[in-house]
Amino acid sequence: MSKTKMSIKNLDLFYGDFQALKNINLDIEENKITALIGPSGCGKSTFLKTLNRMNDLVEGVKIKGNVQLEGKNIYKNVDVIKLRKRVGMVFQKPNPFPMSIYDNVAYGPRAHGVKKKSTLDEIVEKSLKRGALWDEVKDRLKKNALGLSGGQQQRLCIARALAVEPEVLLMDEPTSALDPIATGRIEELAKELKNHYTIVMVTHSMQQAGRISDNTAFFLLGELIEYGSTKKIFSNPDNQKTEDYITGRFG
Ligand code: ADP
Ligand code: MG
């Protein structure tokens, strides 16, 4: 086991009276890809969003238990803006801002107070390189980001997330809107990025989880059924429900 980056303890989440997460306990390892799998509606996105308090934005949400980032509860006495700088997020549908490629990547650093042009230039270049997009866009940084292809837009969103130097990157089905080639590039990128960041990725594709993740968590109806190394989950799971799911018997 490598170092624990985030630790989730006895986590319950309610949307009003509906309990969407039931007593979740899980440790996320640093510099690994953790995949969250399970049928639609089982709570994957809800769980992912508890890791940087994105659910705080939903009305009527109640959360019990705690989520620790390097041993510190993120639900207690924490500046949420700073938390989201440390724990960044990439969504299902690429959502670049309607502005230039450069301004998309510079957006976060500017919001956090970086003003100097040369510093911003460096951050933009470094982030686009990390996002495996630099070579494709370096000659058109001032062009509107909405002119990029879907796969390029998603890599831009990854670069934008990286520009504020997060420690953890949350990705919610980041390839579900992409074609197989663009998907492959994002998967390769994720494998490279885990050397620098801790990645937690929701995927509805078990093949994808098997290809890229180190650890897999299987959710069903708001419960964490099984969590372990991806190898074990996919070859020799302990729980019959996991076995049924990965062999395609339901979901
Ligand atoms: P998944 O990502 O695994 O498909 P979600 O986390 O989106 O699942 O949803 C888990 C459950 O919580 C579902 O039953 C869904 O209908 C419910 N849910 C999700 N978001 C909300 C919300 N904002 N208000 C009420 N219920 C919600
Ligand atoms: Mg979801």
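Let me start with helix α6, residues 150–162. Its 13 residues reach 18 Å from the first C-alpha to the last, close to the 18 Å expected at 1.5 Å a residue. Please keep in mind throughout that this is a predicted model.

How many of the residues of α6 are buried? The count is 12 of the 13, so the helix is largely enclosed by the rest of the structure. The buried set runs from Gly151 through Gln152, Gln153, Gln154, Arg155, Leu156, Cys157, Ile158, Ala159, Arg160 and Ala161 to Leu162. You will see glutamines and two arginines in there, Arg155 and Arg160, along with residues such as Leu156 and Ile158.

What do those buried residues pack against? Two strands are on the list, β6 (87–90) and β7 (168–172). The helices on it are α3 (101–111), α4 (117–130), α5 (134–137) and α7 (180–193).

Now step back to the whole chain. The protein has 10 helices and 10 strands. For 251 residues, a compact globule would have a radius of gyration near 18 Å, and the protein has 18 Å, which agrees. The C-alpha trace spans about 55 × 40 × 35 Å along its principal axes. Of the 251 residues, 51% are buried. The accessible surface is about 12000 Å², and carbon and sulfur atoms account for 49% of that.

On contacts, take the pairs at least 6 apart in sequence: 66% of these join residues at least 24 apart. On charges, there are 38 positive and 30 negative, and their mean positions are 4 Å apart.

Next, helix α3, one of the neighbours of α6. Its buried residues are Ile101, Tyr102, Asn104, Val105, Ala106, Gly108 and Pro109. The cover over them includes α4, α5 and α6. After α3 comes Gly113, with a positive phi near 100 degrees.

Asn104 is the residue I would pick out in α3. Buried or exposed? At 0% relative accessibility, Asn104 counts as buried. Leaving aside neighbours within four places in sequence, Asn104 is in contact with Pro96, Phe97, Met99, Ala145, Leu156 and Arg160. Leu156 and Arg160 are both among the buried residues of α6, so to speak of Asn104 is to come back to the helix we began with.Moving to α7, another neighbour of α6, we find Glu187. At 6% relative accessibility, Glu187 counts as buried. Its contacts, not counting residues up to four places away in sequence, are Gln208, Arg211 and Ile212. Glu187 and Thr175 are 12 residues apart along the chain, and their C-alpha atoms are separated by 8.4 Å.

Now two loop residues with unusual backbone angles. Most residues other than glycine have a negative phi. Which value does Asn77 have? Phi of Asn77 is positive, near 50 degrees. Asn77 is in the loop between β5 (72–73) and α2 (80–86), and at 74% relative accessibility it counts as exposed. Glu173 also has a positive phi, near 45 degrees. That residue lies in the loop between β7 and α7. Unlike Asn77, which is exposed, Glu173 is buried, with a relative accessible area of 14%.

Over to strand β1, residues 4–15, where we find Tyr15. Tyr15 is partly exposed, with a relative accessible area of 28%, and the band for that label runs between 20% and 50%. Where does Tyr15 make its contacts? Beyond its neighbours within four places in sequence, Tyr15 touches Ala20, Thr46, Asn55, Val58, Gly60 and Val61. Tyr15 and Val61 are 46 residues apart in sequence, yet their C-alpha atoms are 4.8 Å apart.

Last, Asp139, in the loop between α5 and α6. At 71% relative accessibility, Asp139 counts as exposed. From Asp139 to Ala209 is 70 residues in sequence and 35 Å in space, C-alpha to C-alpha.

To sum up, 12 of the 13 residues of α6 are buried, and Asn104 of α3 touches two of them, Leu156 and Arg160. That is what I have.

Terms used. Residues are numbered from 1 along each chain as its sequence is written. Chains are lettered from A and ligands numbered from 1 in the order in which they are written. This is a predicted model: local features need pLDDT of at least 70, side-chain atom pairs count only at pLDDT 80 or more; totals for chains, interfaces and linings use all residues. Side-chain values use heavy atoms; hydrogens and water are left out. Helices (H or I, at least four residues) and strands (E, at least two) are DSSP runs, numbered from the N terminus. The radius of gyration is taken over C-alpha atoms; the globule rule is 2.2 Å times the number of residues to the power 0.38. Buried means under 20% relative accessible area, exposed over 50%, partly exposed in between (1.4 Å probe, protein chains only). Contact means heavy atoms within 4.5 Å. Accessible areas come from the Shrake-Rupley method with a 1.4 Å probe; for residues, only the protein chains shown count as cover. Lys and Arg count as positive and Asp and Glu as negative; His and the chain ends are not counted. The place of a charge is taken as NZ of Lys, CZ of Arg, CG of Asp or CD of Glu. The expected span of a helix is 1.5 Å times one less than its number of residues.
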